[in-house]
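This briefing is meant for someone meeting the structure for the first time. It moves from the chain as a whole to the ligand and then to a few chosen residues.

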Amino acid sequence: MENRWPRVIIHVDMDAFFAAVEQLLHPEWKGKPVIVGADPRGGRGRGVVSTASYEARQFGVRSAMPISQAYRLCPHGIYVRPHGEVYAQYSRQIMQILAEFTPRIQAVSIDEAFLDVTGSVHLFGSVEDLALEIKRRIFQQTRLTASIGVAPSKSVAKIASDFQKPDGLTIVPPEQVQAFLDPLPVRKIWGVGEKTYQQLHHLGIETIGQLRQYPLNVLQQKFGKMGEHLYRMARGEDEREVELDDEIKSVSHETTFDVDESRLDVLDDVLLNLSEKVGRRLRKYRLKGKTIQLKLRFSDFSTFTRSHTLSHYTNLTEDIYRVGRHLLQEFQQLPQPVRLIGIGVSHLVDESGVQLSFWDLENEKKLQLEKIMDQLQEKYGALALTHAQTLGVKQQRKGK
Ligand code: TTP
Ligand code: MG
């Protein structure tokens with residue numbers, strides 16, 4: 001049933017983030033109007049509101065409003081100066097929770113991220129189950145609520161996360177994108193600021209549905225470059241990809257030894273084990289990579305990395321291990337005992353986004369085998385099975 005989703009993009013946005021964290025740190029402020037921002041100084045304060053709890057919003061208090069105005073609207077509110085370090089810590093924790101759902105995640109602000117979970121839905125049953133699980137884990141681990149939008153594109157997912165705030169979940173399947181967008185005000189469109197809004201208003205265009213009535217050439221004529229953007233946004237057309245954060249542009253595993261290790265065969269065994277972990281993770285998230293990197297840290301903490309880029313994309317343990325072993329051999333004479341060894345794969349692409357080359361066709365069978373092994377291993381535990389295929393590689397090496 002989920003096949004009708006060409007992509008599943010999620011936008012997560014925390015509710016009244018700074019104010020919610022303050023309420024968490026001061027439970028007596030729960031249910032009360034909390035305003036984070038400049039000091040109101042009895043109404044004479046300068047500066048603006050960072051954010052306000054939903055209780056304070058009932059009085060009309062909003063982000064970026066002068067603090068003096070907020071004070072007039074809500075004189076009995078609880079006014080707090082921002083604690084950036086604490087918010088950043090919560091932000092990191094939330095991003096880490098999100099990264100459990102897919103390595104394809106893009107943090108766009110302190111309390112907001114896009115996730116491409118196209119490859120992860122099968123792990124959770126359905127799109128809805130996955131989204132609910134994200135909300136559940138965030139709340140369980142932080143006691144904060146998030147609002148989530150799910151759609152086939154980034155722009156629609158972002159509008160959807162805002163649709164039922166706070167603590168909302170709005171899922172817009174591909175066939176409902178148009179019906180969802182049409183009644184919404186044009187202001188909801190990404191990139192429509194005050195100036196564009198005024199122009200649209202003059203034309204009598206208030207809703208996205210009205211905007212959609214206008215042909216492309218008319219919009220281009222009236223709005224120049226912005227015209228095509230409006231045309232596409234009104235249709236929910238947005239090809240933009242979730243841009244991977246730098247630290248998750250690769251999948252890697254590493255091990256630090258209890259006692260520094262100089263025996264090559266032991267290092268080699270560990271490398272096989274790490275390669276298997278990396279391969280399994282790539283396959284789990286339906287990713288492939290092209291560049292394999294070996295990392296060694298020696299007794300004196302000096303750290304070296306060596307990498308090799310293949311001519312094809314892979315997520316096979318066998319490939320990762322083979323290249324890793326090759327790179328390890330380049331350190332023929334280890335200058336010192338090894339303290340840490342790691343292996344990673346980068347230059348990641350979508351498993352399905354990769355054009356089928358001759359090589360892929362040849363390896364299709366191997367891939368199927370490894371997937372079955374992964375499933376069995378997850379079911380019955382890592383030790384229950386010997387990985388016949390990597391064992392083959394190993395025996396070859398030992399036989400040499
Ligand atoms: P937002 O996600 O825009 O707002 P929010 O999380 O407070 O509320 P909502 O439930 O509507 O998402 O911004 C995240 C945080 O960024 C917010 O808590 C405080 C900070 N911020 C500012 O400091 N100034 C601003 O003008 C805005 C918009 C946000
Ligand atoms: Mg927010």
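Of the 400 residues in the protein chain, 46% are buried, and this figure, like the others below, belongs to a predicted model. The chain is built with 16 helices and 13 strands, and its surface exposes about 20400 Å², of which carbon and sulfur atoms supply 50%. When contacts between residues at least 6 apart in sequence are considered, 65% of them join residues at least 24 apart.

**The ligand and its surroundings**

- Ligand 1 is surrounded by 14 residues, and the closest of these are A16, T51, Y54, R57 and D111.
- The space that ligand 1 takes up is the largest pocket, and the elements that each give two or more residues to the shell around ligand 1 are strand 1 (9-14), helix 1 (17-25), strand 3 (49-52) and helix 2 (54-57).
- Oxygen atoms of ligand 1 come up in three polar pairings with the protein: one oxygen atom lies 3.0 Å from a polar side-chain atom of D13, an oxygen atom is 3.0 Å from a polar backbone atom of F17, and an oxygen atom is 2.8 Å from an N or O atom in the side chain of R57.
- Taken alone, ligand 1 exposes 550 Å², and the protein buries 70% of that area.

**D15, in a loop**

- D15 has its place in the loop between strand 1 and helix 1, which are two of the elements named above for the shell around ligand 1.
- Because its relative accessible area is 5%, and buried means under 20%, D15 counts as buried.
- The side chain of D15 makes a polar contact with the side chain of S147 at 2.8 Å, and the side chain of D15 also reaches the backbone nitrogen of D167 at 2.7 Å.
- Leaving aside neighbours within four places in sequence, the residues in contact with D15 are A20, Y54, T145, A146, S147, K165, P166 and D167.

**Helix 7, mostly covered**

- Helix 7, which runs over residues 154-163, is mostly covered, since seven of its 10 residues are buried.
- Those buried residues of helix 7 are K154, S155, V156, A157, I159, A160 and S161.

**V177, in helix 8**

- V177 lies in helix 8, which spans residues 177-181, and V177 is buried because its relative accessible area of 9% falls under 20%.
- Not counting residues up to four places away in sequence, V177 touches P152, V156, V172, R235 and G236; one of these, V156, is among the buried residues of helix 7.
- V177 and E237 are 60 residues apart in sequence, while the distance between them in space, C-alpha to C-alpha, is 9.5 Å.

**Q69, in helix 3**

- Q69 is found in helix 3, which covers residues 67-73, and with a relative accessible area of 31% Q69 is partly exposed, because that value lies between the 20% under which a residue is buried and the 50% over which a residue is exposed.
- Between Q69 and R46 there are 9.9 Å in space, C-alpha to C-alpha, and the two residues are 23 residues apart in sequence.

Technical notes. Residues are numbered from 1 along each chain as its sequence is written. Chains are lettered from A and ligands numbered from 1 in the order in which they are written. This is a predicted model: local features need pLDDT of at least 70, side-chain atom pairs count only at pLDDT 80 or more; totals for chains, interfaces and linings use all residues. Side-chain values use heavy atoms; hydrogens and water are left out. Helices (H or I, at least four residues) and strands (E, at least two) are DSSP runs, numbered from the N terminus. Buried means under 20% relative accessible area, exposed over 50%, partly exposed in between (1.4 Å probe, protein chains only). Contact means heavy atoms within 4.5 Å. Accessible areas come from the Shrake-Rupley method with a 1.4 Å probe; for residues, only the protein chains shown count as cover. A residue is near a molecule or strand if one of its heavy atoms lies within 4 Å of it. A polar contact is a pair of N or O atoms within 3.5 Å; within protein, one must be able to donate a hydrogen and the other to accept it, and residues adjacent in sequence count only if both atoms are side-chain atoms. On a 1 Å grid over the protein atoms alone, a cavity is a set of points where a 1.4 Å probe fits but cannot get out, and a pocket is an open set with protein on both sides within 12 Å along at least five of seven lines; lining residues have an atom within 4 Å of a point. A molecule sits in a cavity or pocket if more than half of its atoms lie within 2 Å of its grid points.
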